[in-house]
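Biologist: I should like to go through this model with you, one question at a time. Please show the sequence and the structure first.

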Amino acid sequence: MIIALSLGLLFPALLLWCVMKRPADLPPGPGPALPLLGHLHLLDKDPRPKFREWRRQYGDVFSLYMGGQLVVVLNGYHVIKEALVKQADVFTIRPSMFITDYITRNRGIAFASGPAWKEQRKVCLEILRSLGMGRASLADKVQQEVGQFVQAVTALQGRPTDLTDLIGVSTSNNICAMVFGRRFRYDDPEFTRYLYLITENFKLLRATNLMNFIPLLRYLPGDLFNTEKVLSNVREMHDSFLKPQIQQHVDEADDTEQDDFITSYIRQIQQRRQHGNTVTSVNEESMLWVVSDLFVAGTETTSTALRWALLYFIHYPDVQEWCYKQISEVITTHRPPSMHDRPELTHVEATVMEVLRKADIAAMSIHHGVAHDAMLRGYRIPEGSVVVPFLDSVLNDEEVWGDPQNFRPQRFIGPQGQIVKREEFIPMSIGRRVCLGESFARMQLFLYFATVIQRFRFLPASGELPPMEGVMGLNHVPKPYLIRAVPRVFE
């Protein structure tokens with residue numbers, strides 16, 4: 001049996017070896033790929049340092065094999081823009097990958113492609129704009145949630161605390177307000193369980209991702225790479241939390257004038273049925289997956305940015321005081337900041353931007369594919385390739401930022417004190433796949449930053465600063481750390 005199994009694996013490995021010889025017209029990259037592994041053995045858990053090295057060696061477009069999959073890595077703003085904006089029709093699709101295909105089956109919006117994705121994107125944009133995405137009409141709800149967060153932090157009385165869970169439930173409540181039209185208590189068991197499952201899946205998918213590139217692993221007995229566990233968590237999130245919320249909206253659809261995402265989506269479904277549109281992807285199943293995508297993306301990005309921000313605050317107390325001084329001059333300390341203050345609180349806005357740049361949260365972006373063979377910078381990108389827009393190469397480009405290794409919000413302040421946004425500032429990518437909720441996320445971050453800086457001085461839990469280290473998975477998150485939020489004394 002062992003001999004037969006060895007021979008059975010040897011033949012496809014040799015075949016793979018022949019296939020994985022890099023043709024001359026493909027982007028350059030590291031030397032010969034190993035059977036089954038490709039170049040995976042050259043990558044650490046955090047591939048960014050190796051990608052930076054290969055960019056210096058091979059240029060702005062290079063390729064490697066991850067398992068048997070050709071991966072093309074795009075570096076630098078102009079190359080990424082050329083692919084995702086100028087050749088958007090070709091580079092907008094998602095690649096076919098085992099895990100996402102197995103779990104989502106082209107449902108939702110984050111990992112979908114083709115006509116279904118286009119229709120879902122159009123509907124989502126219409127609904128989000130009608131709900132005031134990026135405008136002051138959503139700011140009141142966010143401000144109320146920030147107030148609840150401040151109360152919870154104040155109750156800690158400056159004790160050393162890991163604020164990860166508190167930040168997670170608070171930022172997720174902002175998504176709840178938009179999607180469900182309501183918020184949840186911080187200790188609501190169903191709500192906290194749902195958030196726990198999201199966090200667990202982000203951790204599990206680091207290992208599960210390997211099956212995207214070495215498909216043979218799926219045939220190993222057991223659940224060594226957590227595929228079934230991830231799927232089980234998704235089912236629990238849908239069945240125990242999202243479906244009951246959606247069903248309640250469906251039951252009340254004819255009796256409510258409430259404006260939230262689910263109610264608006266239900267109206268879109270009803271309109272299509274009234275017009276006899278039977279080929280639409282706008283249906284109850286799609287709504288479930290779209291809502292799930294909104295929650296995961298909206299919660300994880302904002303909460304991760306806030307966790308990085310607090311870590312930067314204790315490492316750079318001068319930035320805290322720089323922001324606090326402007327807050328106290330512009331609005332004093334007797335009322336909370338609002339979106340109306342945003343144009344004048346340039347120090348806070350610049351700090352939001354620098355956190356998003358330096359934290360490198362979506363360094364690898366979500367992978368793209370190509371609709372058909374394409375040419376980019378003289379190289380052929382074959383259909384079936386996985387394309388990685390390496391956002392780290394833009395956000396940490398010395399030619400753009402001068403000293404990208406330094407945390408320096410002042411880089412976003414112009415000579416007249418105004419905010420300067422460079423086109424290379426793309427923390428949430430560019431093109432048609434840019435984060436739908438970017439403006440909402442930026443609004444939340446401004447209100448959280450301004451309010452917590454106004455109310456607290458953030459200090460390390462002990463005399464020793466926590467390390468500025470992150471963990472690279474689907475996103476770049478800080479390692480757990482303790483912090484003290486000491487209430488400021490208002491005069």
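Biologist: Let us begin with charged side chains. Which residue forms a salt bridge with Asp403?

Modeller: A salt bridge here is a side-chain nitrogen of Lys or Arg within 4 Å of a carboxyl oxygen of Asp or Glu. For Asp403, the closest N and O atoms of the pair are 3.0 Å apart, and the partner is Arg411.

Biologist: On what basis are such values given?

Modeller: This is a predicted model, in which local features need pLDDT of at least 70 and side-chain atom pairs count only at pLDDT 80 or more, while totals for chains, interfaces and linings use all residues. Residues are numbered from 1 along each chain as its sequence is written, and side-chain values use heavy atoms, with hydrogens and water left out.

Biologist: Is Asp403 buried or exposed?

Modeller: Buried means under 20% relative accessible area, exposed means over 50%, and partly exposed lies in between, with a 1.4 Å probe and protein chains only. The relative accessibility of Asp403 is 15%, so Asp403 counts as buried. Its partner Arg411 has a relative accessible area of 14% and is therefore likewise classed as buried. For Asp403, the answer is buried.

Biologist: Which residues do salt bridges with shared partners join into one network?

Modeller: Side chains of opposite charge can pair when their charged atoms come close. The pair of Asp403 and Arg411 belongs to such a network, whose members are Glu354, Arg357, Asp403, Arg408 and Arg411.

Biologist: How many residues apart are Asp360 and Arg48?

Modeller: These two residues form a salt bridge, with their closest N and O atoms 2.9 Å apart. Helices (H or I, at least four residues) and strands (E, at least two) are DSSP runs, numbered from the N terminus. Asp360 is in the loop between α15 (346-359) and β3 (374-376) and Arg48 is in helix α2, so that the pair links distant parts of the chain, and their separation is 312 residues.

Biologist: Are Asp360 and Arg48 buried or exposed?

Modeller: Asp360 has 1% relative accessibility, so Asp360 counts as buried. Arg48 has 11% relative accessibility, which means that Arg48 is also buried.

Biologist: Let us turn to the sheet. In what order do the three strands form it?

Modeller: Strands of a sheet pair through backbone hydrogen bonds, either parallel or antiparallel. Two strands are taken to pair if DSSP finds at least two bridges between them. Strand β1 runs antiparallel to β2 and is joined to it by six bridges, whereas β2 (residues 69-74) and β5 run parallel and share four. The sheet is thus open with mixed pairing, in the order β1-β2-β5.

Biologist: Which are the edge strands, and what is the average twist from one strand to the next?

Modeller: An edge strand here pairs on one side only, and the edge strands are β1 (61-66) and β5. From one strand to the next, the twist averages 25°.

Biologist: Which residue stands opposite Val72 in β5?

Modeller: In strand β5 (residues 386-389), Val386 and Val388 point one way and Val387 and Pro389 the other way, and all are buried. Opposite Val72 stands Val387.

Biologist: What angle does the direction of helix α3 make with that of β2?

Modeller: Axes are lines fitted to C-alpha atoms, for helices over the stretch in contact (heavy atoms within 4.5 Å). Angles run from 0 to 180 degrees between N-to-C directions. Helix α2 (residues 48-58) lies across β1 and β2, at about 130° to β1. Helix α3 (residues 77-86) packs on the sheet, touching β1, β2 and β5, and the angle with β2 is about 120°.

Biologist: With which residues is Val394 in contact, its neighbours within four places in sequence left aside?

Modeller: Val394 lies in helix α16 (residues 392-395). Because its relative accessibility is 1%, Val394 counts as buried. The residues in contact with Val394 are Gly76, Tyr77, Ile80, Trp401, Glu424 and Ile426.

Biologist: What is the phi of Arg105?

Modeller: Arg105 is placed in the loop between α5 (98-104) and α6 (114-130). Its relative accessibility is 57%, so Arg105 counts as exposed. Although Arg105 is not a glycine, its phi is positive, at about 50°.

Biologist: Where does Gln157 lie?

Modeller: Gln157 is a residue other than glycine with a positive phi, near 55°. At 63% relative accessibility, Gln157 is therefore exposed. Its place is the loop between α7 (139-154) and α8 (164-179).
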